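Please open the structure in your viewer and keep the sequence beside it, so that each selection can be followed in both. The tour goes from one element to the next, with a short stop at each.

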Amino acid sequence: MNDAGQATTALSVEVSREGGITVIALSGFIDAGAPLTALAEATGSPLVLDLAGVRRISSFGVSAFMDALRDVPTETSIVWRRVSVPLMLQVSMIENFNGRASIESFHAPYYCATCGHEQHCLLEVEAVKAAPAPYRAPAVACAQCGRPATFDELEADYFAFL
Ligand SMILES: [Zn+2]
């Protein structure tokens with residue numbers, strides 16, 4: 001997938017309807033010129049963005065994405081669902097990266113010291129916030145060997161958006 005550059009540079013945008021609301025699934029690489037106009041054209045509220053498939057975002061992509069979010073009509077609330085790890089790292093580094101979007105669920109990177117397996121676990125914001133603050137990575141078992149896996153980023157930064 002890396003040789004031609006096509007598969008890694010393209011962003012795929014899939015628009016679907018779920019009841020009265022629009023769900024837009026983004027997957028691939030967000031760069032300058034990413035086709036994000038569908039966000040402003042969505043009807044109904046909230047607008048749900050399924051971000052599980054976003055593998056990479058460049059610094060130009062960050063600007064393009066933040067602009068596209070700002071172009072969503074203000075009466076439309078925005079929900080981010082299943083946010084990928086590359087995007088969560090931007091959330092933790094860039095102030096106001098998610099703008100007025102609220103994050104419903106997100107992926108967190110874990111590493112297993114026993115067998116070396118790396119996994120991205122889907123966490124629900126409500127479940128993480130059910131524990132007392134400061135919010136921390138929940139205990140997760142390695143999907144490969146079942147031993148406890150370790151959260152693989154700076155916890156204080158990664159969970160600071162909560
Ligand atoms: Zn393991």
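**First stop: a hairpin and its neighbour**

Select residues 11–18 and 21–30 in this predicted model: these are strands β1 and β2, which run antiparallel and are joined by eight bridges. To follow one of the pairings, pick V15 and look across to β2, where its bridge partner is I24. The two strands form a hairpin with two residues between them, and in the turn you will find G19, whose phi is positive, at about 65°.

Now add residues 47–57, strand β3, which pairs with β2 in the parallel sense over seven bridges. Within this pairing, G28 can be selected together with V54 of β3, which stands opposite.

**Second stop: helix α3**

Select residues 59–70, helix α3, and place a distance between its end C-alpha atoms: they are 17 Å apart, which agrees with the 16 Å that its 12 residues should span at 1.5 Å a residue. Which residues of α3 are buried? They are G61, A64, F65 and L69, and, seen down the axis of α3, they fall within an arc of 135°, so they line one face of the helix. An α-helix has 3.6 residues a turn, so residues three or four places apart point the same way. Turn the view to the face away from the buried side of α3, and you will meet the exposed residues S59, S63, D67 and R70. To see what the buried residues of α3 pack against, show β2 and β3 again, and add α2 (38–41) and β4 (78–81).

**Third stop: the two domains**

Colour residues 1–103 as domain 1 and residues 109–162 as domain 2, following the domain assignment of the protein chain. The C-alpha centres of these two domains lie 23 Å apart, and their contact takes six residues from domain 1 and eight residues from domain 2. On the side of domain 1 that touches domain 2, the largest share, four residues, comes from helix α4, so named for residues 85–93. The residues on that side of domain 1 divide into four nonpolar, one polar and one charged.

**Last stop: an open sheet**

Finally, look for the open sheet of four strands, which has the order β7-β6-β9-β8 and antiparallel pairing. Its edge strands, each pairing on one side only, are β7 (118–124) and β8 (140–141). Select β8 together with residues 148–151, strand β9, to see two strands that run antiparallel and are joined by two bridges; here V140 has A149 in β9 as its bridge partner.

Note on methods. Residues are numbered from 1 along each chain as its sequence is written. This is a predicted model: local features need pLDDT of at least 70, side-chain atom pairs count only at pLDDT 80 or more; totals for chains, interfaces and linings use all residues. Two strands pair if DSSP finds at least two bridges between them. Domain bounds come from an automatic or database domain assignment. Two residues are in contact if their C-beta atoms, placed from the backbone, lie within 7 Å. Ala, Val, Leu, Ile, Met, Phe, Trp, Tyr, Cys and Pro count as nonpolar, Asp, Glu, Lys and Arg as charged, and the others, Gly among them, as polar. The expected span of a helix is 1.5 Å times one less than its number of residues. A residue is buried if 20 or more other C-beta atoms lie within 10 Å of its own, exposed if 12 or fewer, and partly exposed in between; C-beta atoms are placed from the backbone. The arc is that of the directions from the helix axis to the C-beta atoms.
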